[in-house]
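Here are a few friendly notes to read alongside the model. Take them one at a time, with the structure open beside you.

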Amino acid sequence: MFQTRATSTPRQAGDLAIVGVILVLLSFGITMVHSASSVVSATRFGDPFYFSKRQLIWAIIGVLCMFWFSRIDYHVWRKHAPKLAVASFAMLVLVLIVGVNRGGSKAWLGIGSLGIQPSEFAKLGLVVFLAHLLAESADRMHSFWRGFVPPMGLALVAVGLIMLEPDLGQSVVIMGTTVIMLFAAGTRMSHLGALFGVGMLGFGGLVAVAPYRMDRIAAFIDPWKYPLGKGYQIIQSLYALGSGGILGLGLGNSRQKFLYLPEPQTDFIFSIIGEELGLLGGICVLLLFAVLVWRGIRTAIYAPDEFGTLLGVGITGMIAVQVLINIGVVTGSIPATGITLPFISYGGSSLTLLLSGVGILLNISKQAGVVR
Amino acid sequence: MRVTRGMMRRRLVVLLMALFAAILALVGRLFFVQVLQSGWLAGLAKSSWDRTVPLAGIRGSILDSAGQPLTYTATAPTIVAVPSQIKDKPGTARKLAPILNMSEASVLRQISQRELMVYIRPGGRQMSEAKANQIRALGLPGIYLTEDGKRAYPYGDLAAQVLGITGYENVGLTGLEKQYNSVLTGQKGGITFYAKANGELIPGEGQSVVEPTDGDDIKTTINLQVQQYVEREIEQAVAEYNPDSVTAIVENPQTGAIVAMANYPTFNPADWRNAPPSTYNRNLAIWQTFEPGSTFKIVTLSAALQENKVNLQDSFYDPGYYEVAGHRIRCWKAGGHGSESFLQVVENSCNPGFIALGERLGKESLFSYIRNFGFGQKTGIDLPGEGNGILFKLNRVGPLELATTAFGQGVSVTPIQQVMAVGAVANGGKLMKPYVVSEILNHDTGQVVEETKPTVVRQVISSATAAQVRSALESVVANGSGGKAYRDGYRIAGKTGTAQVAKNGHYESGHYIVSFIGMAPANQPKLVAYIAIDNPHPKHGVVFGGVIAAPIVGNILDDALHEMGVQPSPEGLPKKYRYPEVPPVTVPNFQGLTLKQAQNFALQNSANLKVDIQGQGQVVVAQSPAGGSKVEPGSVIRLYLGDGKPSGN
């Protein structure tokens with residue numbers, strides 16, 4: 001009975017590597033949120049711990065969610081998948097009507113002093129529903145209209161709603177996650193290729209309609225041309241990374257956090273990591289994410305059924321896409337798209353939803369068995 | 001066809017590899033930014049964090065040849081406030097206002113500006129040490145004390161164009177201030193601190209103070225006393241003759257050092273912004289170009305003697321004109337000088353005699369001497385804004401051009417060129433490069449940093465020729481047209497010049513530049529002095545040209561040599577007892593001329609004669625002694641005015 005590592009009987013703890021990586025990322029994240037935000041929070045709120053305290057509380061709530069979700073049989077979510085999808089879309093519509101505008105984007109639903117981001121919730125809801133949908137349609141995946149179009153259409157509707165807020169970052173993550181799930185589900189490569197072509201045409205159309213969108217691309221190609229405009233954040237981020245060098249200035253010694261880099265505790269926290277801990281610190285963070293991606297995909301491979309596989313890929317893919325986009329933007333590798341660095345950036349909604357997702361992933365890993 | 005688990009797994013492995021590849025690509029990108037671009041980015045970042053409050057070093061002084069300051073920077077403590085570092089602005093204003101004798105509101109408004117640094121005006125600039133100490137004792141954050149300086153001119157407008165002016169942030173704009181700006185300017189220091197993006201001090205980073213370095217002093221060759229004599233003489237000439245402009249230079253011919261240089265009109269460098277730009281933008285002594293007139297004959301004479309084309313004892317006949325290529329060029333003296341020796345040609349400044357010398361030399365030879373004497377090119381003096389002068393192009397020189405050039409017309413030269421050329425005659429034939437700055441000194445220790453060595457440009461004539469020319473010029477002063485420059489015992493040698501000013505290709509009627517260039521003592525000159533008076537308007541009616549400039553140079557040389565401790569020598573040409581007897585001066589005929597015509601006529605005539613005007617009217621109706629009679633130099637001629645008809649001239 002114990003000759004193989006993975007057995008058909010459910011394990012109690014789930015994948016301990018995932019738990020370990022998550023806990024390390026979270027503690028590291030709280031530390032870095034504190035280091036990055038202390039100047040901003042002291043300036044703005046007179047309390048250097050303003051953000052780190054809140055991040056600690058959210059991390060505890062998130063970890064509780066994670067362990068709670070890891071104990072719920074993931075098949076439960078399949079039953080509730082349609083309801084989750086409806087709730088997700090309802091929230092996305094609601095936020096457009098009664099949402100709170102923060103930083104130029106109507107992305108928040110305010111409940112008292114608490115704010116939640118429907119797009120975060122919708123991301124996870126959509127992943128669950130797409131896993132369900134794709135598992136259902138396993139025998140018609142080769143079909144364009146019956147296999148490819150329904151999940152992609154759904155994702156596009158969600159993206160369309162989110163773009164009304166507007167929130168480019170979340171939209172890109174949803175598209176990326178959807179493409180990964182479709183790929184894993186076995187959709188035809190030609191369909192993905194067609195999607196890519198249509199996407200390029202659509203982008204061209206958007207630029208033609210509103211040429212200001214081209215600025216973002218121009219600022220990406222040459223941020224130094226717009227040192228005080230669109231290129232400002234990227235330049236400040238590169239200053240931080242460049243100052244850090246190989247070994248970094250040491251934890252807490254960032255200079256760019258002194259109001260040079262806007263919102264250093266959220267989207268650009270990786271710049272501060274690179275400045276204080278250097279290339280080595282940055283590589284460690286990427287390594288942790290690589291381990292997480294590996295364990296996540298592994299979980300998906302060994303999942304007991306197709307729904308489990310697709311759900312695992314969806315959650316892992318969502319995390320991976322966010323990491324790649326965030327660090328891509330921070331290092332000036334891709335055009336600016338606002339998205340947080342999972343488990344590290346400050347943000348309650350993002351953290352609890354991501355940790356809930358990891359909880360689901362852990363439950364799948366518990367049920368993972370040997371190749372059947 | 002159903003999607004199989006196997007296909008899903010293969011795709012998942014591909015997906016995993018793709019994600020790993022993407023992560024690896026980010027590692028590569030990080031390596032590029034954090035290792036390869038690190039130095040560049042870190043430098044840019046650092047300069048974006050740095051805030052530097054500049055501290056200026058004190059500008060060096062300009063000293064005279066004895067080391068007395070002609071201009072220096074007077075400094076006083078000044079507040080530099082860094083608004084972003086002042087947390088408690090009202091409190092700071094409250095504490096500063098009474099010390100600065102300013103209203104609290106004014107201080108508060110100034111320290112609340114969104115600037116990196118502000119000066120608190122007017123109370124915070126150039127304060128007393130006592131106030132500065134009071135402020136230091138307060139230890140207010142964001143309030144710094146630095147030294148701020150202003151140029152001071154202890155001698156007012158003395159040598160204004162030589163010293164030049166400084167503008168914004170004490171940058172030299174003209175004169176020595178410009179030429180030696182980088183030497184005089186100190187190195188800026190500064191208080192550097194790391195700032196947040198909003199300019200506030202990053203706590204715990206401290207700040208580094210780089211003390212500024214003072215600029216070096218420059219010691220000039222200007223002799224304060226001589227400069228003052230020269231300026232006094234210019235002032236008197238201006239009062240007497242009300243000219244358009246006056247230029248004077250005194251040079252040490254042995255080294256090329258400029259001992260004095262002055263111009264009128266002048267200005268006060270402390271208040272140059274209220275002066276006309278032409279006064280502070282040009283140094284006439286090196287910038288102005290004009291026809292030199294007779295002073296240029298020294299060059300012709302030197303060339304002819306060096307080339308053995310003349311013996312001063314040879315005789316020459318001047319019928320009053322010289323015929324060149326079918327044109328009669330008239331001597332300045334109507335009727336001519338008659339029969340005379342070439343020494344007398346020089347003494348009389350006889351134009352036909354010099355035309356003859358020019359013809360004997362030929363154009364190649366004469367023009368080569370002119371160039372070798374430094375005309376037609378900049379002398380290279382260490383002052384900005386020097387003029388070139390204009391010479392005829394050799395291929396354009398015909399007999400007529402050769403003739404006029406020989407007596408100083410048709411060429412255009414600067415005063416400094418004339419001084420350096422005559423300096424070569426004075427020092428035994430060496431053309432020197434003129435200079436004003438002899439040493440660069442450390443402002444604080446007085447140690448010599450750099451020294452100017454006299455530079456010989458070239459040997460133009462032999463020492464023997466130079467001695468011959470000097471003795472002829474001594475005789476000009478002792479016996480000839482330069483008589484007014486004679487000072488007993490100082491052996492002054494020199495030459496008058498009266499040049500008409502050309503404008504738009506024609507000589508302007510009644511516009512003369514009257515000049516004299518002299519040196520002393522003639523056997524071994526210590527000084528060369530030059531003065532040019534542009535467009536004199538004699539107050540007292542009619543004045544002979546020889547009476548205007550020569551005595552000024554006489555006075556300057558007399559006072560300067562006395563100042564320099566040069567003993568009078570008994571070896572010089574005695575003025576009145578030399579054989580042959582002092583040649584009498586022929587009185588020109590003024591009768592029938594209008595007063596204006598008489599003025600112009602006299603200006604052109606370098607004879608040493610005084611004029612006394614009697615009566616009222618427009619026309620000279622009678623004169624005593626009569627025209628054509630011979631009198632001793634220095635005699636007075638009475639002109640009687642009346643309402644006769646002008647007979648014209």
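**Notes on chain B and its partner**

1. Begin with the surroundings of one helix, α20(B). The elements that cover its buried residues include β19 (493-503), β20 (506-520), α19 (545-563), β23 (610-615), β24 (619-624) and β26 (636-642) of chain B. Which residues of this helix are buried? In α20, which spans residues 595-604 of chain B, they are B:Gln597, B:Ala598, B:Gln599, B:Ala602 and B:Leu603.

2. Please keep in mind that this is a predicted model. For the complex, the predictor gives an ipTM of 0.93 and a pTM of 0.64.

3. Now look at confidence along chain B. Its mean pLDDT is 86, with 94% of its residues at 70 or more. Among the elements of chain B, strand β15 (residues 430-433) has the highest mean pLDDT, 96, while strand β22 (residues 585-586) has the lowest, 72.

4. One stretch calls for care: residues 576-581 of chain B have a pLDDT below 50. Beyond near neighbours in sequence, this stretch has four contacts in the model. Where pLDDT is low, predicted coordinates should not be read in detail.

5. Next, find where the two chains meet. Chain A brings 43 residues to the contact and chain B brings 36. On the side of chain B that touches chain A, α1 (5-36) and α2 (38-49) each supply at least two residues. Which element gives the most to that side? It is α1(B), with 19 residues.

6. Finally, consider the chemistry of the side of chain B that touches chain A. By class, this side has 26 nonpolar residues, five polar and five charged.

Conventions. Residues are numbered from 1 along each chain as its sequence is written. Chains are lettered from A and ligands numbered from 1 in the order in which they are written. This is a predicted model: local features need pLDDT of at least 70, side-chain atom pairs count only at pLDDT 80 or more; totals for chains, interfaces and linings use all residues. Two residues are in contact if their C-beta atoms, placed from the backbone, lie within 7 Å. Helices (H or I, at least four residues) and strands (E, at least two) are DSSP runs, numbered from the N terminus. Ala, Val, Leu, Ile, Met, Phe, Trp, Tyr, Cys and Pro count as nonpolar, Asp, Glu, Lys and Arg as charged, and the others, Gly among them, as polar. A residue is buried if 20 or more other C-beta atoms lie within 10 Å of its own, exposed if 12 or fewer, and partly exposed in between; C-beta atoms are placed from the backbone. pLDDT is the predictor's confidence in each residue, from 0 to 100.
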